[in-house]
Each structure stands twice: as structure tokens, then as C-alpha cells.
Amino acid sequence: TIVASSFLSIYLSIAIIFLYCLLLRMISSSTLCAFRLSFVATCTFLLIFASSHVTSISQRDVLNDFFFATDGPSWGPSYINGWNTTISVCSWYGVYCTPPADTGAVTVLQLVGGLRGEFPTGLGALETLQSLKISSSLINGTIPSDLFNNLNLTSLDLKDTSVSGPLPAKMSIARNLQNLNLASTKINGSIPDWFGNLTALVDIDFRESHLSGSLPDSFWNLINLQFVNFFSIYGMSGTLPSAFGNLRSLREWRASNNFFSGSIPSEIGNITSLLVLDIGSNQFSGTIPSSLGNCTLLQYLDLGQRSPTAGLNGTIPDTLTKLAGLRTLNLGGNYLSGSLPFPFSFPVLNQLSVEGNNLEGTIPSNLGGTCPNLLYLYLHENLFSGPIPPSLGTLTLLRDLYLHDNHLTGTIPVELTALNQIEKVWLGRNQLTGSISDAWGDVSFLVEFQAAWNNLTGTLPSSFASIPTLRALYVNDNKLSGSITYFPQTSLFIDISHNLFNGMIPSDYGINGGAARSNLQFNRFCPPFPSWCISSCLIQDCEGLATSSSSSSSSSSTTTTTASFLDSAAATSTAAATTSSTAAQHVATTTSALHFTTTSMMMTSSSSLSSSSSSSSFSSSSLSSSSSTSSTSSTSSSSSSVSLTTSSSSTSSSGSSFPSNNNDTTLPEPLPLQVRLNVSTITNLNITALDGRRL
């Protein structure tokens with residue numbers, strides 16, 4: 001392009017000079033001055049026109065070649081506006097030129113989406129191009145080396161594409177390059193040593209790329225760097241040397257989710273312009289440098305490691321309290337000890353995460369006043385003790401409150417129910433006592449409430465049923481009692497196991513899928529149980545119950561008897577039952593065994609029994625312990641099973657008998673059987689007919 005333009009300019013100049021000489025011989029001296037002026041103006045116009053005409057042709061050709069190489073016709077109507085037409089290239093979509101707008105030189109090419117195919121060569125011919133952005137597209141292949149023939153290039157953005165391969169060596173001459181964005185690409189290999197030659201770099205973004213290895217020593221020569229993003233590369237490793245402090249202009253350093261190790265250099269305190277230091281989820285060790293207190297402009301500090309093999313230790317430096325502008329402070333997943341620094345005051349802090357450490361002491365009583373803008377408070381999995389500060393109830397913006405797995409004592413402050421924006425409350429695995437306030441029903445955005453593994457007493461507030469957003473309710477392993485209410489939330493998971501709840505499960509408990517996932521086991525509920533219970537909840541007390549056998553009633557001639565087991569010593573007593581000769585009934589069958597874990601259960605089934613210490617047989621039924629079918633035996637306190645067996649062929653004392661099942665297709669309604677168990681050691685109750693059928 002340069003050669004063609006030069007030859008044409010020389011040719012036109014020679015031709016114009018030749019014509020000028022001829023005309024001088026033909027005109028008079030009186031008009032010579034005017035002619036010379038008009039001649040200079042004409043030559044100037046011709047030269048400008050020729051030069052701009054040649055330039056526009058070369059730009060058009062380069063851009064048209066790029067258009068077809070990247071499957072331009074399939075870019076979509078919003079992207080191909082003007083491309084491959086006769087209008088000025090400066091009017092094409094994504095093309096920006098210097099003035100004049102219709103004939104200027106291309107300086108910016110910005111194409112987002114639509115492009116596909118291998119990254120073509122040729123764009124290096126656009127010598128005036130300063131910024132190239134081809135992002136969020138299907139471009140693949142390597143970055144063409146000829147792109148860096150253009151020494152005017154200051155910005156290269158290829159993020160969210162499929163470009164691959166190592167960084168081209170030709171990039172080393174791009175001394176004016178200021179912004180390099182290769183985020184979410186397949187660029188691989190290590191950062192080469194020549195990268196330190198790109199001293200004009202201000203902003204580099206390699207996040208979620210495929211780079212690996214450690215940073216070269218020359219990297220720390222890039223003293224103009226302000227923004228660095230190595231987030232989640234996974235292959236990045238190595239240490240941060242003391243030369244890190246050379247980056248005095250640095251404002252943001254994001255390098256979390258990698259494999260950086262070693263200690264955090266104290267020289268980092270030299271970078272007083274630092275706004276963001278994000279080096280969490282790596283493998284750093286050692287202590288938190290107290291020099292971080294010099295970085296008073298810090299807004300985001302993430303030192304959380306969460307590595308099973310590494311982590312920061314020591315105490316939290318008191319100098320961190322100087323960082324009054326912090327909005328996020330994450331020190332979680334380390335081995336920090338001691339207490340929170342005092343005074344713990346961060347007026348604009350949104351997130352405090354110190355979970356998974358060995359921090360102890362009490363939660364600052366005035367935390368609600370010194371950190372009024374908290375949105376997320378994560379203090380769980382530490383050694384904090386003492387009460388939950390009522391001042392937390394003043395954090396009206398709070399959404400997550402995680403205090404579980406500590407040694408907190410006292411009650412759950414009712415002030416917490418004033419958190420009208422709260423979504424998740426986790427207080428489990430502490431030593432909390434007292435009751436759960438019914439005012440929690442006023443927390444309209446609550447999604448998860450977890451207070452399991454404490455010593456809570458009282459009832460489960462029915463107001464939880466009025467929270468439409470509630471998705472998880474964990475109050476298991478406490479000492480809660482009373483009855484439970486119907487929960488209409490269709491996607492709620494509720495765990496109230498290992499408590500002292502009693503009474504009957506509400507018949508409407510499972511309507512419309514309410515409490516579709518429930519763990520109600522190890523309580524003191526009484527039958528009859530809802531039909532959904534067998535398949536939809538984890539109630540050990542009614543596993544396998546068929547409700548059809550509990551709804552039948554006998555005729556007016558039916559005689560009902562009752563068997564009562566008062567304690568483990570009476571569990572082996574025999575019983576007798578009498579049945580009217582006109583009430584011969586066949587035993588109805590059910591599906592499987594009943595398992596009881598509570599101390600008092602009620603059941604209704606097929607025939608009636610009464611306990612007796614003198615009779616040794618049943619006329620229509622027989623009762624035996626799991627270890628013997630005889631009428632009497634000594635029973636130890638460890639007995640865990642009682643079996644109730646009914647016979648379909650034995651004769652009663654009055655001469656009546658249950659009819660056999662041979663060819664009997666008409667079965668009468670079953671007799672009601674009521675058994676009351678007060679033996680805490682009974683874990684299995686099996687009811688079967690002697691012919692092997694289960695009831």
C-alpha cells in the first residue's frame with residue numbers, strides 16, 4: 001500500500017510539473033502571478049485526493065478480506081450493516097475512523113459476536129489501527145503475528161473467543177500496547193520472559209484462560225500496571241516476590257482460584273494506590289502482613305484460602321482496622337487464631353467472612369453499630385463463645401447470617417426478627433437455649449432457617465407456615481415439643497427429627513405437595529398417619545403403614561378387646577381375647593412391618609386383644625415376644641421387639657373360629673384391634689397372620 005501510494009504521488013507530481021513548464025511559455029507575464037497561485041492550489045488538491053483515494057482503497061480491501069474470512073454473511077443483519085458495500089468503510093458497523101468521517105483512516109475495529117472461523121491474517125496492514133476488539137465470538141486459531149506489524153496498536157481485546165496457542169513472540173515489539181484482554185480464551189503456555197518488555201501495559205486480563213506456570217521475573221518491571229486479572233486460571237503457580245512492591249501504580253490485583261503459594265510479601269504495603277487485593281483460594285501460608293494497613297484505599301480484601309494443605313496463621317493484625325473503606329473482607333478458610341481486632345469498625349463493609357478459622361472470644365456486642373451496612377456475615381466454624389449480640393438486629397440490610405458451628409450460648413435474640421431483608425439464618429451446632437420466637441413469621445423474605453443441634457425448647461412456631469419464600473427449615477436435634485402445623489410451602493424441606501414432638505401429624509400436612517421432603521423421625525407422633533407419609537417423609541415410626549387397615553369398623557355384634565403393655569416387664573405377658581360367634585371375621589392384610597421408636601404409640605388394625613397374666617393362648621389371636629412364640633417367658637429390659645400374630649384357623653373359647661382362606665372370596669370387614677405400647681425399648685412391632693400374611 002505504501003509503495004503504490006508513493007509511486008502514484010511521484011507520477012502525478014512529475015506530470016503536473018511538466019504541464020506547468022509548458023504553460024509558462026504560453027502565458028503573458030501579467031497573468032503569471034495568478035497562474036502560479038492557482039497552480040499551487042490545484043497541485044495540493046490533487047495530491048490530497050490521490051493519497052486519500054489510495055488509502056481508502058487499501059482499507060476497503062483489507063476489511064473485505066477480513067469480512068469473508070470470518071464468514072461475514074452469517075454475522076447477522078445487525079453486524080453486517082454497511083460491510084461489503086460501496087459506502088465509505090468508516091460507515092461500516094464497528095469501524096471508527098479519524099476525521100473526516102467519510103474518508104478518514106481506520107483507528108478502531110470493534111466487532112462483538114457473529115464472527116467465526118480461523119483468525120485471519122491481514123489486519124496488520126491497517127497501520128493506523130489503534131484498537132482491535134473481536135470478543136464473544138467463535139473465532140479460533142492462533143493470534144496472527146502480522147497483527148503486531150502495526151506499532152500503533154494500543155488495545156487488543158479477544159475475550160470470550162476460542163483463540164488458542166501461546167502468546168506470539170512478535171507481540172514483544174508491541175511497545176505501545178496498553179490494554180491486553182485474553183480472558184476466557186484457550187491461550188496456553190506460560191507467560192514468556194519477553195512479556196516484561198511491554199512496559200506500556202496498564203491493564204491485562206487473562207482470567208479463565210489456559211495459561212500455566214509462574215510469572216517471570218521480568219513481569220515485575222511493568223511498573224505502569226494498574227489492573228491485573230489472573231482469576232481462576234488454575235494453572236498459575238509460583239510465589240509473589242518482594243518485587244511485587246514495585247507495582248506502585250497498581251489499583252486492582254485479582255488472582256484468586258490459582259495455585260500461588262508461599263507468604264504474602266510485606267512490600268505489598270508500599271502500593272498505597274491499591275483498591276482490590278483478591279488472592280483467595282490459593283495456597284498461601286504464613287501470617288497476614290501488618291503492612292496491609294498502609295493500603296488505606298483498599299475496598300476489597302480477599303485472603304481466604306480454603307486449602308486442605310495450606311492457609312494463613314497467626315492473628316488478625318490490628319492494623320486492618322485502618323482500612324475504613326473496606327467493602328469486602330474475606331479471611332475465611334485459614335488457621336487464624338485470637339479474636340477479632342478492636343475496635344472492629346468498618347462503616348461501609350458489606351461482607352465479613354472469617355469462617356473456618358480458630359477465632360475465639362465473643363462476637364463484638366456493638367457489631368450492628370460499627371458495621372451498619374453489612375449484607376453478609378459469615379462467622380461460622382470458629383470457636384466464638386458467649387451470646388449472640390442483640391445489636392445484630394439493627395443490621396437492616398443483612399441477607400445472610402451464618403453463626404453455626406461455634407460455642408455460642410444464651411437464647412436466640414428476638415431482635416433478629418427485625419431483619420426484614422434476611423434470607424438465610426444458620427445458628428446450628430451451638431449451645432443455644434430457650435425458645436424460637438413466633439415473630440420469625442414476620443420475616444417475609446426468609447429462605448433458610450437452621451437452628452439444629454442446640455438445646456432449644458418450646459414449640460415450633462406455626463408462623464413459619466406463613467413465610468412464602470421458606471425453602472428449608474432445620475430444627476432437628478433439639479428438645480422442641482408440642483404438635484406440628486400444616487406447612488403449605490410446596491418446595492419446603494423440613495427436618496424436625498430427634499425432638500419431642502407428639503400428637504398426630506395433621507391430615508392436611510402434605511396437601512398439594514406441602515412439606516414434600518420431610519424428616520420427622522425420632523419423635524412421639526401417634527397414628528393414624530397420613531397416606532403421603534409412607535413415601536414422602538422419613539418417619540421411622542410409620543414406615544410401610546397401609547392406611548386402608550385403619551379406617552374399617554366392625555359390625556354391631558363385634559366384641560372389642562385391648563392389649564396394654566405398660567413397661568418392659570409386662571411385654572412378655574400373655575393375653576386372651578374373646579370373640580362373639582356371630583362376629584367371625586377374616587384378618588385383613590396389609591403390606592409390611594411397623595417400626596416404632598417412640599415411647600407411646602397408638603395403632604388400629606384387624607382384631608382386638610386384652611392383656612392377661614394367666615391365660616397362655618388366644619382363641620383368635622396369640623401374642624409372643626420376638627424371641628419366643630410361647631405364652632410366657634422372662635423378658636429382659638433389652639427386649640426390642642414385640643410380635644402380634646393372629647390365626648385364621650384356631651378355635652375360640654366360645655367355639656367360634658376365623659374362617660380359612662380356602663376358596664373364600666367374600667371376606668367380611670376386619671375387627672378393630674387397638675394396641676397401646678408404653679415400652680421405650682420396643683423398636684419393632686410385627687403383625688402377621690399365622691398363614692404368613694402381614695397385616
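How many helices and strands does the protein have? The protein has four helices and 45 strands, where helices (H or I, at least four residues) and strands (E, at least two) are DSSP runs numbered from the N terminus. The model is predicted, with local features needing pLDDT of at least 70 and side-chain atom pairs counting only at pLDDT 80 or more, while totals for chains, interfaces and linings use all residues. Residues are numbered from 1 along each chain as its sequence is written, and side-chain values use heavy atoms, leaving out hydrogens and water.

Eight strands form an open sheet with parallel pairing, in the order 3-5-7-9-11-13-15-17; two strands pair if DSSP finds at least two bridges between them. Strand 3 (116–118) and strand 17 (283–284) each have a single partner strand and stand at the edges, so one side of each lacks a neighbour in the sheet. Strand 3 runs parallel to strand 5 (residues 138–141) and is joined to strand 5 by three bridges. G117 has I139 in strand 5 as its bridge partner.

Of the 695 residues, 47% count as buried (under 20% relative accessible area, 1.4 Å probe, protein chains only). The largest nonpolar core (buried Ala, Val, Leu, Ile, Met, Phe, Trp, Tyr and Cys residues joined through side-chain atoms within 4.5 Å) holds 133 residues, of which F195, F206, F230, W253 and F464 touch the most other members. Helix 2 (32–69), strand 2 (106–112) and strand 4 (131–135) are the elements giving two or more residues to this core, and helix 2 gives the most, with four.

Among contacts (heavy atoms within 4.5 Å) between residues at least 6 apart in sequence, 55% join residues at least 24 apart.

Notes
Buried means under 20% relative accessible area, exposed over 50%, partly exposed in between (1.4 Å probe, protein chains only).
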